[in-house]
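Let's take a look around this structure together. We'll begin with a single residue and work outwards.

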Amino acid sequence: MNAAVKPEHLIQAVDNAHLDALEEEAIFILREVAASFERPALLFSGGKDSCVVLRLAEKAFKLRDPAHPSGYKGSLPFPLVHIDTGHNFPEVIGFRDQRVAEMQERLVVGHLEDSMARGTIRLAHPLESRNGHQTVTLLETIEEHRFDALIGGARRDEEKARAKERIFSHRDSFGQWQPKEQRPELWQLYNTRIRPGEHFRCFPISNWTELDVWLYIQREAIPLPPMYYAHERQVMRRKGLLVPLTEVTPALEGETVETVQVRFRTVGDMTCTCPVQSPAANAAEVVAETLTVTVSERGATRMDDRTSEASMEKRKKEGYF
Amino acid sequence: MQALRFLTAGSVDDGKSTLIGRLLFDSQAILADQLDVLERRAAGNPVDLSLLTDGLEAEREQGITIDVAYRYFATKTRKFIIADAPGHEQYTRNMVTAAAGSDAAVVLVDITKLDLTQQDVPLLPQTRRHSLLAQLLRVPSIVFAINKIDAVDAPGEAFAKVRRALEAFARAAGLNVAATVPVSALRGDNVTQPLAAPWWNGPSLLQVLEGLPTTQERSDAPLSLPVQYVQKDAYQSEGAGFQPRVLWGRVAHGAVKVGDEVEVQPSRQRARVAALRRAAVEVDSGSAGQSLGLILDRQLDVSRGDWILSPGSAAPQTRFPATLAWLDTEPARAGRKYWVRHGNRWVQARITAIDSVLDIHSLQPLDAHELAVNAIGRVQMEVQHELPVEPFEFNRVGGALIVVDPASHRTSGALLVDAPVAEPAAEDW
């Protein structure tokens with residue numbers, strides 16, 4: 001649930017002391033992953049939450065160095081992983097590759113199209129949303145590289161099922177989440193014991209809200225794909241959402257294509273991610289807008305989460321991010 | 001200001017989910033589309049705010065909360081993180097999970113479930129259990145919220161009676177009660193808005209929460225830092241004659257600065273701090289609660305799980321008394337071997353004796369041979385290697401362990417190191 005605050009509440013509630021504590025906790029969790037697992041990896045999609053996690057990882061493992069292209073020297077103790085649906089926004093893929101290159105880190109890409117070629121994913125029709133199918137490719141990538149821990153940027157405020165997930169969340173040997181079997185998480189004494197074939201999902205920014213993320217992006221000047229800020233885009237109005245015109249989301253019969261000033265609040269698969277109308281051109285303006293927003297992040301932007309109230313829980317049980 | 005982490009605890013149907021829904025709703029943390037879903041479900045009836053927090057399909061079916069959920073809201077002065085702990089008895093382990101990281105506990109008391117005809121109103125077992133768990137886990141502040149105050153006759157008198165019963169219980173149990181407030185979560189009375197009643201001129205629940213302190217670790221104590229992660233350092237090796245390593249860990253208590261002499265446990269080797277790092281930059285000093293990277297002035301054999309301490313301050317032990325909150329359906333038995341995690345070290349351990357189990361009604365220790373799920377007892381522990389344990393009341397990091405079943409890998413218990421027995425038995429529960 002987003003902490004949308006009345007405008008008069010504004011910034012006092014979320015000053016630096018509070019952001020510092022969130023950063024401290026996240027860095028602790030990242031080092032815990034590096035120390036506790038043999039083959040961890042960090043999920044990096046180019047989305048804003050994973051950009052924040054990446055900056056936290058730089059702060060956990062590197063040294064600040066203004067002369068370095070990324071601003072930090074040293075290397076991360078794990079590779080980055082991206083599951084590419086083949087329907088990602090090209091500007092996000094471009095941003096991802098540029099960021100990885102300047103950091104000189106290793107990127108592992110799992111291609112959904114490889115799973116389709118193997119026959120482990122079969123689309124009902126060519127333009128079906130590939131978002132839900134990512135799970136298969138993700139689990140195949142985990143098996144192929146024998147990853148035993150995946151760091152993700154999920155937040156508990158995003159969705160009701162996520163609100164209940166542990167910071168170190170166990171997955172059985174089929175990659176499945178068992179919500180009723182969750183291990184109690186006491187203090188910071190994480191129980192990371194696993195059997196071969198099982199793995200963990202680790203969420204350093206569990207306790208951050210959308211507003212915290214934007215405040216931190218602003219404070220740390222974290223680079224993001226440009227589509228997170230106001231730009232002109234061709235869209236269609238559909239069921240209260242602005243659907244971007246792309247090769248996989250064409251205009252339906254009777255719809256008119258308009259050019260609107262928009263920004264994206266989340267960036268995922270092109271077939272299910274919608275922008276919102278907004279003039280916010282930088283992180284500070286997004287912060288101001290987030291403080292007065294009245295629709296949740298997923299409600300405003302994700303076509304797939306609307307299908308059923310329980311859709312996220314179902315997907316999580318199956319091994320989704 | 002630091003965010004306040006608090007948990008909410010209460011019995012089934014005490015209106016806990018409604019209370020949280022009310023806090024979120026009144027602080028505008030509920031957004032239009034989420035409210036939309038609720039209004040559709042309500043189909044014309046008043047919106048059920050409790051549905052906001054019932055996240056899993058299974059609990060929507062059962063109508064009870066079955067796992068800890070975390071919620072976030074902010075007011076003008078503070079950000080809050082709520083750990084919503086289930087009240088159903090079989091899920092007490094989740095309440096323990098919620099309590100372990102919290103600065104405060106809001107214990108809900110459903111006034112309609114109490115026998116108000118009696119002079120000394122008997123409390124529900126869950127109220128006792130949740131309060132004792134919160135106290136056991138050293139949650140610094142306990143707040144009693146007496147709910148459904150709108151649903152009783154003569155609410156002023158009823159509230160006063162229940163408050164007397166809670167105060168008597170708190171005195172007997174030694175609870176640190178920050179406040180006792182009446183609320184109606186359903187109507188929103190005295191949650192965020194003051195209660196308009198002649199018999200109440202105290203604060204609203206939110207006013208109480210806005211003023212509560214956060215848990216602070218002590219910086220004015222000897223240094224105690226459990227080594228979390230050892231990182232090879234590529235940038236300090238020139239001229240040092242050895243490959244330095246950065247010893248990362250979060251300071252449990254005390255402070256450290258460049259030049260300080262420190263001692264490594266268990267090797268007892270000493271060195272001086274040559275450099276300090278924090279979050280990708282060099283620093284001169286650091287204190288409790290901060291994650292620091294220490295670079296020592298000589299090569300020592302240090303690995304994850306070791307402790308860095310002020311010289312001479314450690315008193316490592318292999319045997320110690322502890323309080324055990326048991327969370328596993330398979331009972332705790334004396335003689336069985338478990339894994340325990342202390343700081344960042346995993347060692348094998350054995351419960352050598354179960355001294356007693358706490359009776360939540362009489363608050364007295366009773367003889368016991370095993371601890372069933374949800375039981376709390378006093379035990380004697382033996383660990384395979386010496387650990388620098390400290391009483392939990394002095395050091396939350398050095399005094400806490402988790403117990404893990406070696407076969408199932410379940411987190412079976414929460415272990416809190418007791419002070420060595422010196423006090424008379426009357427000090428016991």
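Is B:A279 buried, partly exposed or exposed? It counts as partly exposed, because 18 C-beta neighbours fall inside 10 Å of B:A279. For that label, C-beta atoms are placed from the backbone, and a residue is buried with 20 or more other C-beta atoms within 10 Å of its own, exposed with 12 or fewer, and partly exposed in between.

Some ground rules help here. This is a predicted model, where local features need pLDDT of at least 70 and side-chain atom pairs count only at pLDDT 80 or more, while totals for chains, interfaces and linings use all residues. Residues are numbered from 1 along each chain as its sequence is written, and chains are lettered from A and ligands numbered from 1 in the order in which they are written.

**Confidence**

The model scores ipTM 0.87 and pTM 0.88. For chain B the mean pLDDT (the predictor's confidence in each residue, from 0 to 100) is 86, with 85% of the residues reaching 70 or more. Among the elements of chain B, strand β10 (residues 255-257) has the highest mean, 97, and helix α3 (residues 57-62) the lowest, 53. Helices (H or I, at least four residues) and strands (E, at least two) are DSSP runs, numbered from the N terminus. Over residues 423-429 of chain B, pLDDT is below 50.

**Chain B at a glance**

Chain B holds seven helices and 25 strands, and 50% of its 429 residues count as buried. An automatic or database domain assignment splits chain B into domain 1 (4-210), domain 2 (224-309) and domain 3 (317-427). Between domains 2 and 3 of chain B, 12 residues of domain 2 are in contact (C-beta atoms, placed from the backbone, within 7 Å) with eight residues of domain 3. On the domain 2 side, β7 (224-226) and β16 (307-309) of chain B are the elements giving two or more residues.

**The cores**

A nonpolar core is a set of buried Ala, Val, Leu, Ile, Met, Phe, Trp, Tyr and Cys residues joined through C-beta atoms within 7 Å. The largest one has 182 residues, and A:L30, A:L42 and B:A105 are among those touching the most other members. Helix α1 (residues 16-36) of chain A gives this core its largest share, nine residues. Leaving aside residues up to four places away in sequence, B:A105 touches several residues, including B:F6, B:L7 and B:V143.

In chain A, helix α7 (residues 283-290) has A:A283, A:V286, A:V287 and A:T290 as its buried residues. They fall within an arc of 105° seen down the axis of α7(A), so they line one face of the helix; the arc is that of the directions from the helix axis to the C-beta atoms. Their cover includes α6 (210-220) of chain A.

**Loops worth a look**

Two residues other than glycine have a positive phi:

| Residue | Phi | Loop |
|---|---|---|
| A:R146 | near 50° | between α5 (134-145) and β6 (149-151) of chain A |
| B:A279 | about 45° | between β12 and β13 (281-283) of chain B |

A:R146 counts as exposed, with 11 C-beta neighbours inside 10 Å.

Elsewhere, a cis peptide bond with omega about 10° joins B:Q265 and B:P266. B:P406 sits in the loop between β24 (400-404) and β25 (411-417) of chain B. The C-alpha atoms of B:P406 and B:W339 are 6.1 Å apart, although 67 residues separate them along the chain.

Technical notes
Contact = placed C-beta atoms within 7 Å.
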